[in-house]
Amino acid sequence: MVEDAGNGLRLVIADDHPLFRGALREAVLGRSADARIEEVGTFDDLTALLERDQDFDLILLDLTMPGARGFSGLIYLRAQYMAIPVVVVSGNEEPAVIRRCLDLGASGFIPKSMSVGNMRDAVAQVLKGETFLPPDINVTTKADAETDAIIARLSTLTPQQVRVLMMLAEGRLNKQIAYELSVSEATVKAHVSAILQKLGVESRTQAVIAVSKVEQGLWSHPPA
């Protein structure tokens with residue numbers, strides 16, 4: 001893991017708010033003046049970037065950005081790009097939300113309310129291979145057993161199955177998903193069948209409901 005400025009540090013800041021991207025950029029450059037930083041404002045732009053170039057030391061990911069509602073983006077990144085650490089940045093500081101980010105593979109959680117100086121320290125801690133959590137936040141309480149089980153099942157999905165599930169949650173039809181992913185409808189149907197089996201549900205609707213249970217608490221206090 002890269003620990004400091006001079007080692008060609010490369011990061012991606014994925015957030016749809018330019019002002020907050022600027023704050024994160026300032027935080028990183030304050031610690032690593034020669035860091036190379038890519039900025040994207042949508043999840044589709046993020047995936048397109050990573051398809052071209054995976055040589056990054058860290059991704060700073062907003063939970064709520066166009067193309068990724070809630071934890072879906074984090075689930076996809078951990079499935080598709082396991083070698084790149086992901087730190088979640090969010091305006092929602094509920095302990096349950098932070099706990100679920102960790103359960104889903106995040107290397108840390110940075111609240112949007114933090115000062116630039118504290119963000120700088122948080123990024124530095126993660127780059128040392130440690131997990132950063134906000135001070136005075138108790139995340140020891142685990143989610144309920146049902147949610148734990150859903151999270152475990154979600155972790156068994158392949159990256160493509162995660163993408164299909166994300167699109168199901170957006171209400172897209174098989175034909176639309178096939179067009180978006182440049183695959184046949186038969187392939188989409190096969191993915192949907194595999195998703196239902198892995199999640200232990202019988203219908204697309206039940207799959208979306210299962211994911212929504214993991215999301216509970218994320219939307220009770222929308223980020224500013």
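Which residue follows H7, and what is the sign of its phi? Glycine 171 follows H7, and its phi is positive, near 85°.

Before continuing, I should state that this is a predicted model, in which local features need pLDDT of at least 70, side-chain atom pairs count only at pLDDT 80 or more, and totals for chains, interfaces and linings use all residues. Residues are numbered from 1 along each chain as its sequence is written, and side-chain values use heavy atoms, leaving out hydrogens and water.

I turn to the loop ahead of H7. Threonine 156 sits between helix H6 (145-154) and helix H7 (159-169); helices here are DSSP runs of H or I, at least four residues, numbered from the N terminus. Threonine 156 is partly exposed, at 43% relative accessible area (buried is under 20%, exposed over 50%, partly exposed in between, with a 1.4 Å probe and protein chains only). A polar atom of its side chain lies 2.6 Å from the backbone oxygen of arginine 153.

Next, H7 itself. Of its 11 residues, 9 are buried, so H7 is largely enclosed by the rest of the structure. Among them are Pro159, Gln161 and Arg163.

Finally, the packing with H8. H7 and helix H8 (residues 174-181) pack at about 135°, with axes 10 Å apart; axes are lines fitted to C-alpha atoms over the stretch in contact, and angles run from 0 to 180 degrees between N-to-C directions. H7 is therefore oblique to H8 (neither under 35 degrees, nor over 145, nor 65 to 115). The contact, meaning heavy atoms within 4.5 Å, involves Gln160, Arg163, Val164, Met167 and Leu168 of H7 with Ile177, Glu180 and Leu181 of H8.

Note on methods:
Helix = DSSP H or I, 4+ residues; strand = E, 2+ residues; numbered from the N terminus. Polar contact = N/O pair within 3.5 Å; in protein donor to acceptor, adjacent residues only side chain to side chain.
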